[in-house]
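Biologist: I've got a protein model open and I'd like to learn how to read it. Can we go through it together, bit by bit?

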Amino acid sequence: MSPAWYFVPVCLIALIGGMSTGTTALYGTGLDFSSVFPRFSRVQATVFIGTLSIGFIFVGRFAANLTQSISTFATLIITCTAPWMVIMMLGYVTRRGWYDAEALQVFNRRQRGGRYWFTHGWNWRGMTAWLVSAALAILFVNLPGQFVGPLGDLAGGVDVSLPLGLAAAAVLYLALLFAFPEPREVYGPAGPRLVGSSGTPVPPIVAADARVLEPEAPLIG
């Protein structure tokens with residue numbers, strides 16, 4: 001559609017823009033993958049994810065028409081991850097922005113225990129709030145011709161999945177923090193903000209093959 005003399009500049013803009021966006025996305029994905037699978041180094045994880053992504057791109061572009069499916073999938077990803085972002089931000093607020101850097105690396109170092117070990121390594125408060133709010137949001141997705149959830153038509157054809165998921169995540173996560181306070185050691189020296197804490201002891205950080213004694217029932221503080 002552009003004039004012939006403008007073809008090269010347009011191609012350069014597309015190439016540079018795609019490289020900047022793709023490089024950032026690939027770096028973040030490789031870093032996350034190496035964190036979830038510690039056996040991979042950061043370089044190995046990035047190369048693996050990059051190769052896999054190129055394969056998916058070529059198959060989706062030339063072997064099948066997946067443009068609409070990818071658009072739908074991207075929308076559903078946003079619908080599911082947005083509530084998790086709310087939970088992370090509320091965690092940051094309630095912790096006053098304080099985190100124990102050493103305890104955050106327990107999983108990467110193949111260890112167990114620490115401030116963030118919670119219940120067998122799972123923070124069930126955050127996971128419950130996320131899963132419930134994400135499932136609720138998917139039920140209200142309304143993308144005509146692509147994906148319409150079982151409750152997608154209740155709002156008169158308006159897609160309310162995203163605001164509903166965000167609100168549900170905020171309300172449910174704070175409610176769980178009030179009903180089942182996290183251990184006091186999870187928070188910084190100034191203590192929690194907006195929520196309470198419990199006197200549940202935090203298990204020490206040990207090697208993965210060592211036995212970790214889970215804390216007893218919490219005492220509300």
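## Reading the fold

Modeller: Sure! The protein chain has six helices and six strands, and keep in mind that this is a predicted model.

Biologist: What pattern does the protein chain follow along the sequence?

Modeller: Start from the inventory: six helices and six strands. Now read along the sequence and write down each element as it comes up, and you get α-α-α-α-β-α-β-β-α-β-β-β.

Biologist: Is the chain a compact globule or more spread out?

Modeller: Along its principal axes, the C-alpha trace spans about 70 × 50 × 30 Å. For 221 residues the globule rule gives 17 Å, but the radius of gyration here is 22 Å, well over that, so compared with a compact globule the chain is more spread out.

Biologist: What share of the residues counts as buried?

Modeller: To count as buried, a residue needs a relative accessible area under 20%. Of the 221 residues in the protein chain, the share that makes it is 27%.

Biologist: And how much of the accessible surface belongs to carbon and sulfur atoms?

Modeller: The accessible surface of the chain adds up to about 14100 Å². The part belonging to carbon and sulfur atoms is 71%.

Biologist: Let's zoom in on α2. Which part of the model do its buried residues pack against?

Modeller: Helix α2 runs over residues 42-63 and reaches 31 Å between its end C-alpha atoms, close to the 32 Å expected. Its buried residues are Ala-45, Ile-49, Gly-50 and Gly-60. Seen down the axis, they fall within an arc of 125°, so they line one face of the helix. What that buried set packs against is α1 (7-36).

Biologist: Which residues are exposed on the other side of α2?

Modeller: Exposed takes a relative accessible area over 50%. On the other side of α2, the residues that are exposed are Val-43, Val-47, Thr-51, Phe-62 and Ala-63.

Biologist: Now α5. How wide is the arc that holds its buried residues?

Modeller: The 16 residues of α5 should span 22 Å, and its end C-alpha atoms are 22 Å apart, which agrees. Its buried residues are Arg-125, Gly-126, Ala-129, Ser-133, Ala-134 and Ala-137. They line one face of the helix, because down the axis they fall within an arc of 140°.

Biologist: Ser-133 is on that list. Which residue's backbone oxygen does its side chain reach?

Modeller: At 0% relative accessibility, Ser-133 counts as buried. Leaving aside neighbours within four places in sequence, Ser-133 is in contact with Pro-83, Gly-165, Ala-168 and Ala-169. As for the backbone oxygen, the Ser-133 side chain reaches it at 3.1 Å, and it belongs to Trp-130.

Biologist: Let's look at the loops. How far apart in space are Val-141 and Asp-153, C-alpha to C-alpha?

Modeller: Val-141 sits in the loop between α5 and β2 (142-143), and with 0% relative accessibility it is buried. Leaving aside neighbours within four places in sequence, its contacts include Leu-76, Thr-79, Phe-147 and Ser-161. Val-141 and Asp-153 are twelve residues apart in sequence, and the C-alpha to C-alpha distance is 8.7 Å.

Biologist: Which residue's side chain makes a polar contact with that of Asn-108?

Modeller: Asn-108 is in the loop between α4 and β1 and is partly exposed, at 31% relative accessibility. Beyond neighbours within four places in sequence, Asn-108 is in contact with Ser-35 and Pro-38. The side-chain polar contact, at 3.0 Å, is with Gln-105.

Biologist: Is Arg-96 buried or partly exposed?

Modeller: You'll find Arg-96 in the loop between α3 (67-94) and α4 (101-104). Its phi is near 60°, a positive value in a residue other than glycine. The relative accessible area of Arg-96 is 38%, which means it is partly exposed.

Biologist: Last one: is Phe-118 buried or exposed?

Modeller: Phe-118 also has a positive phi, near 50°, and is not a glycine. Its place is in the loop between β1 (111-112) and α5. The cut-off for buried is under 20%, and with 13% relative accessibility Phe-118 counts as buried.

Definitions and conventions:
Residues numbered from 1 in each chain as written. Predicted model: local features only at pLDDT ≥ 70, side-chain atom pairs only at ≥ 80, totals over all residues. Heavy atoms only, no water. Helix = DSSP H or I, 4+ residues; strand = E, 2+ residues; numbered from the N terminus. Expected span 1.5 Å × (residues − 1). Buried < 20%, exposed > 50% of the residue type's maximum accessible area, 1.4 Å probe, protein only. Arc of directions from axis to C-beta. Contact = heavy atoms within 4.5 Å. Polar contact = N/O pair within 3.5 Å; in protein donor to acceptor, adjacent residues only side chain to side chain. Rg over C-alpha atoms; globule rule 2.2 N^0.38 Å. Areas by Shrake-Rupley, 256 points an atom, 1.4 Å probe, with all protein chains shown as cover.
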